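Me: I am new to this structure and would like a close look at a single part of it, the sheet and what surrounds it. Please take me through it step by step, and explain each term when it first comes up.

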Amino acid sequence: MIMSTKDKSNNDIWELKNAEWEENIKYVKETLTPRRLAYFVPILDTGREQCKSVIELNSEYYSTPYFGNIKTDLLTFSIMRLFDKKYLPINFPYVVEPTIINKRNRYVAPILKIGNIDINILKAYKRNRIDDNDRKYLKKRCKGNEVLRGQLDLFDDNSENSHLHGVVTYNISRNWDKYNFIDLTFFGPNLREVIVKVDLLKTLHIYGGDNNIDTKQSLVDDENLRQEIQNELNKILRIK
């Protein structure tokens, strides 16, 4: 696991575009405390490590012209599996709901819920950007984030925009040794404006000092997870 020793307060880790919105994001800060944010990176890193180990065991496929696609799909699968109840720490603070986010192909992804906040987890090619494939779904979801700019009443139950929506985006290094970034961002409805964000790699220090957090993902059965990833790889290769 990657670790950091630099201490950060809850205020320090959040990057707010406009200081005038400070009062509006108070609910976000109070709900997404550093301790709760600290779960994301170890889980994603476990997915990276286990996925990489499976890929290294299948090196004969490196020359396949589709291998770049295969690696990306496999990492997504690995991370999603780790948000299954059987792999999560006992005290995981979010409710996970598998949700259809693309009705055309019935694509299902985990949505993490805590209070009036929903969170997606997506790969991204660039920081502070949503990839084109995910924009249609997220534009509707992020309408409620206007609350953070004072444009809507907070959590109007009569509105479809009664929830805030955050997006955890990640990008992995070329050799898969680390993540280039893992951010939690609240975008404006057009998905071009970053209202507030947190660099999740800066929350890792908390994972060393709280005994209530399962820092080593001890509930993960490595062999079982690797076998699931291997089965998914076999399925992808048959399709390709």
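**The sheet, starting from strand S7**

Reply: A good place to begin is Thr185, whose bridge partner in S7 is Lys197. The model is a predicted one, in which local features need pLDDT of at least 70 and side-chain atom pairs count only at pLDDT 80 or more, while totals for chains, interfaces and linings use all residues. Residues are numbered from 1 along each chain as its sequence is written, and side-chain values use heavy atoms, with hydrogens and water left out.

Lys197 also stands opposite Glu15, and S1 and S7 run antiparallel, joined by 3 bridges. S6 and S7 pair in the antiparallel sense as well, over 5 bridges; two strands are said to pair if DSSP finds at least two bridges between them. Helices (H or I, at least four residues) and strands (E, at least two) are DSSP runs, numbered from the N terminus. The hairpin of S6 and S7 has 6 residues between the strands, and Leu191 there takes a positive phi near 65°. Strand S7 covers residues 194-199, and 6 of its 6 residues are buried, so the strand is largely enclosed by the rest of the structure. Here buried means under 20% relative accessible area, exposed means over 50%, and partly exposed lies in between, with a 1.4 Å probe and protein chains only.

Seen as a whole, the open sheet has 7 strands in the order S1-S7-S6-S5-S4-S3-S2, and its pairing is mixed. Strand S1 (14-16) and strand S2 (95-102) stand at the edges with a single partner strand each, so one side of each has no neighbour in the sheet. From one strand to the next, the twist averages 30°. Strands of a sheet pair through backbone hydrogen bonds, either parallel or antiparallel. The parallel sense is found between strand S4 (residues 117-123) and strand S5 (residues 164-172), which pair over 7 bridges, and among the residues involved, Ile121 has Val168 in S5 as its bridge partner.

Helices pack against these strands. Helix H5 (residues 67-81) touches strand S3 (107-114), S4, S5 and strand S6 (179-187), and its direction makes about 40° with that of S3; contact means heavy atoms within 4.5 Å. For such angles, axes are lines fitted to C-alpha atoms, for helices over the stretch in contact, and the angles run from 0 to 180 degrees between N-to-C directions. Buried residues of H5 include Phe67, Ile70, Leu74, Leu75, Phe77 and Ile79, along with Lys71 and Arg81. At 1.5 Å a residue, the 15 residues of H5 should span 21 Å, and this agrees with its end C-alpha atoms, which are 21 Å apart; the expected span is 1.5 Å times one less than the number of residues. Helix H6 (residues 132-141), in turn, lies across S2, S3, S4 and S5 and runs at about 165° to S4.

Charged side chains link several of these parts, and the structure holds 15 salt bridges, a salt bridge being a side-chain nitrogen of Lys or Arg within 4 Å of a carboxyl oxygen of Asp or Glu. One of them joins Asp183 and Arg127, at 2.7 Å from N to O. Asp183 lies in strand S6 and Arg127 in the loop between S4 and H6, so the pair ties together parts that are 56 residues apart in sequence. Asp183 counts as buried because its relative accessibility is 0%, whereas Arg127, at 35%, counts as partly exposed. Asp118 and Lys113 form another salt bridge, with their closest N and O atoms 3.1 Å apart; Asp118 is buried at 4% relative accessibility, and Lys113 is partly exposed at 21%. Arg81 forms a salt bridge with Asp84, the closest N and O atoms being 3.2 Å apart; Arg81 counts as buried at 17%, while Asp84 counts as partly exposed at 28%. Lys17, Glu146, Arg149 and Glu193 are linked in a network of salt bridges.

As for the setting of the sheet, the chain contains 7 helices and 7 strands. Of its 240 residues, 51% are buried, and among contacts between residues at least 6 apart in sequence, 65% join residues at least 24 apart.
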